[in-house]
Amino acid sequence: MQKRTMEEQTVGQALSRQGSNLEKISIPTENYNHIELTEEEQAEALRLARKAKDQKIRNDAYMARVRAEPVYPKLSYEELRDRVFGYFSDQHGAFVIDEDNQRVVELLLLYFSGDERFELEHGMMLNKGILLMGPVGCGKTSLMKALSVNSFNPFAIRRCEWISGQYAAHGHEVITTHIQPFYGYPERNFGNKLIGCCFDDLGTEETAKNFGNTANVMASIIHGRYDNFTLKGKTHFTANLTSGDIESMYGARVRSRLREMCNVITFSPKAKDRRV
């Protein structure tokens, strides 16, 4: 009896040392064919088996949807136009197209829907941004807000005057922030993780100071975004300025870089003020 006990201990120790080898041991499945089931029991067993399989099918389908890459629509010119009109209807009342804004609206819709007619018919470039120029109150900012959520080139909007004030409060970090890609929510921006920025009312900001350090903030941002290749085509501006005004305020170098970065779209100098 003592000898058998020691042998059993030796076998047990060997098995424990083998660890994962235990998984290779085949455990026979007992055959229960000799058990007779009533019709009711057979029906219930079949129902439970089907229920389990149905649950597995549902779980597999759910996990396939979870793991699948989402497919986001691409807005056509017409679909984007309808969204813009809907935005104005909700926010500002009916949107009126007239001789003052017809060409501008047409070009912006073509661009932000990625329509090749923007290049083929108008000689502009889809891989550049937008510089939208025109007199006070003609609708520049409202149009860009209405177009900011699109499937081709979505963007955030920052007022230049606000950025200048932020520099006065927080220093160079503000410039650094605005010469980096903006990260957006893909589910809100048709799958786009990186979004652009529209700098609104270029020229309304003042030269800012931070603890004695004076900076032309927007000139620094323009130079920084020009040098950042990932931001090509993701930089937009609105301005009440003329090209001559831009050169006077920021210098010939900034004016040249803006021309290289952006498609220049202008309202007529006589476009009426739409603010009521």
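Reader: Why is Asp201 called buried?

Author: Buried means under 20% relative accessible area, exposed over 50% and partly exposed in between, using a 1.4 Å probe and protein chains only. Asp201 has 13% relative accessibility, so Asp201 counts as buried. A word on the basis: this is a predicted model, where local features need pLDDT of at least 70, side-chain atom pairs count only at pLDDT 80 or more, and totals for chains, interfaces and linings use all residues. Residues are numbered from 1 along each chain as its sequence is written, and side-chain values use heavy atoms, with hydrogens and water left out.

Reader: Thanks! What makes the contact of Arg159 and Asp201 a salt bridge?

Author: The term asks for a side-chain nitrogen of Lys or Arg within 4 Å of a carboxyl oxygen of Asp or Glu. For Arg159 and Asp201 the N to O distance is 3.2 Å, so the pair qualifies. This pair links distant parts of the chain, with Arg159 in strand S2 and Asp201 in strand S4, 42 residues apart. Strands here are DSSP runs (E, at least two residues), numbered from the N terminus.

Reader: How do you know that Arg159 is partly exposed?

Author: Its relative accessibility is 37%, which lies in between the two cut-offs, so Arg159 is partly exposed. Arg159 also forms a salt bridge with Asp200, at 3.5 Å between the closest N and O atoms. Asp200, at 2% relative accessibility, counts as buried.

Reader: And why is Arg81 with Asp82 called a salt bridge?

Author: Their closest N and O atoms are 3.7 Å apart, so the pair meets the rule. By this rule the count comes to 13 salt bridges.

Definitions and conventions: Helices (H or I, at least four residues) and strands (E, at least two) are DSSP runs, numbered from the N terminus.
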